[in-house]
Amino acid sequence: MKTLLVLTALCAVTLAIRDQSISVKGKLLCGSAPARNVRVKLWDEDDGPDPDDQLDAGYTNANGEFSLSGGTAELTGIDPVLKVYHDCDDGIK
């Protein structure tokens, strides 16, 4: 009987996990100039013991444009975050 309850609970959790995805595109500028070759990453930030998931990463092109997309399987909704690794060389980190 306990085995049946455990299997039922595992099936319920498995069915509750769903694939989710996100995409983002944009253009980065430093003042009025395109921010070229800037590292950008798309993350799903998670709470608790579940580690954050990097969904995609790339660099801006010569025009400062980028496009990222990715997905993950989660029990709850994803919390997408775009991280930009650049400071426009303004001397402030």
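In the predicted model, aspartate 19 stands opposite alanine 73 of strand 6. This pair belongs to the ladder between strand 1, which covers residues 18-27, and strand 6, the two strands running antiparallel and being joined over ten bridges. Strand 6 itself, spanning residues 65-74, presents two unlike faces, of which the covered one carries Phe66, Leu68, Gly70, Thr72 and Glu74, while Glu65, Ser67, Ser69, Gly71 and Ala73 lie on the uncovered one. Such a division follows the general rule that side chains in a regular strand alternate between the two faces of the sheet. Alanine 73, the partner of aspartate 19, is thus listed on the uncovered face of strand 6.

The chain as a whole contains one helix and seven strands, and the order of these elements from the N terminus is α-β-β-β-β-β-β-β. Of the contacts in the chain with a separation of 6 or more, 64% are accounted for by residues 24 or more positions apart. Buried residues make up 22% of the 93 residues, and the accessible surface of the chain amounts to about 6,600 Å², with 56% of that area belonging to carbon and sulfur atoms.

An open sheet of three strands was also identified, with the strand order 5-4-7 and antiparallel pairing. Its edges are formed by strand 5 (residues 53-59) and strand 7 (residues 80-85), each of which pairs on one side only, and the twist from one strand to the next averages 20°. Within this sheet, strand 4 and strand 5 are paired in the antiparallel sense over six bridges, and valine 40 is found opposite glycine 58 of strand 5.

The largest nonpolar core comprises eight residues, namely Leu28, Ala35, Val38, Val40, Leu42, Leu55, Phe66 and Leu68. At least two residues of this core are supplied by strand 4 (residues 39-44), and at least two by strand 6. In soluble globular proteins, nonpolar side chains tend to be buried together. Phe66 and Leu68, both members of the core, are also both assigned to the covered face of strand 6.

The surroundings of leucine 68 were examined further, with its neighbours within four places in sequence left aside. On this basis leucine 68 is in contact with Ile22, Ser23 and Val24, with Val40, Lys41 and Leu42, with Asp56, Ala57 and Gly58, and with Leu82. Among these partners, Val40 and Leu42 are likewise members of the nonpolar core, and Gly58 is the residue that stands opposite Val40 in the pairing with strand 5.

Note on methods: Residues are numbered from 1 along each chain as its sequence is written. This is a predicted model: local features need pLDDT of at least 70, side-chain atom pairs count only at pLDDT 80 or more; totals for chains, interfaces and linings use all residues. Side-chain values use heavy atoms; hydrogens and water are left out. Buried means under 20% relative accessible area, exposed over 50%, partly exposed in between (1.4 Å probe, protein chains only). Helices (H or I, at least four residues) and strands (E, at least two) are DSSP runs, numbered from the N terminus. Two strands pair if DSSP finds at least two bridges between them. Contact means heavy atoms within 4.5 Å. Accessible areas come from the Shrake-Rupley method with a 1.4 Å probe; for residues, only the protein chains shown count as cover. A nonpolar core is a set of buried Ala, Val, Leu, Ile, Met, Phe, Trp, Tyr and Cys residues joined through side-chain atoms within 4.5 Å. Axes are lines fitted to C-alpha atoms, for helices over the stretch in contact, and angles run from 0 to 180 degrees between N-to-C directions.
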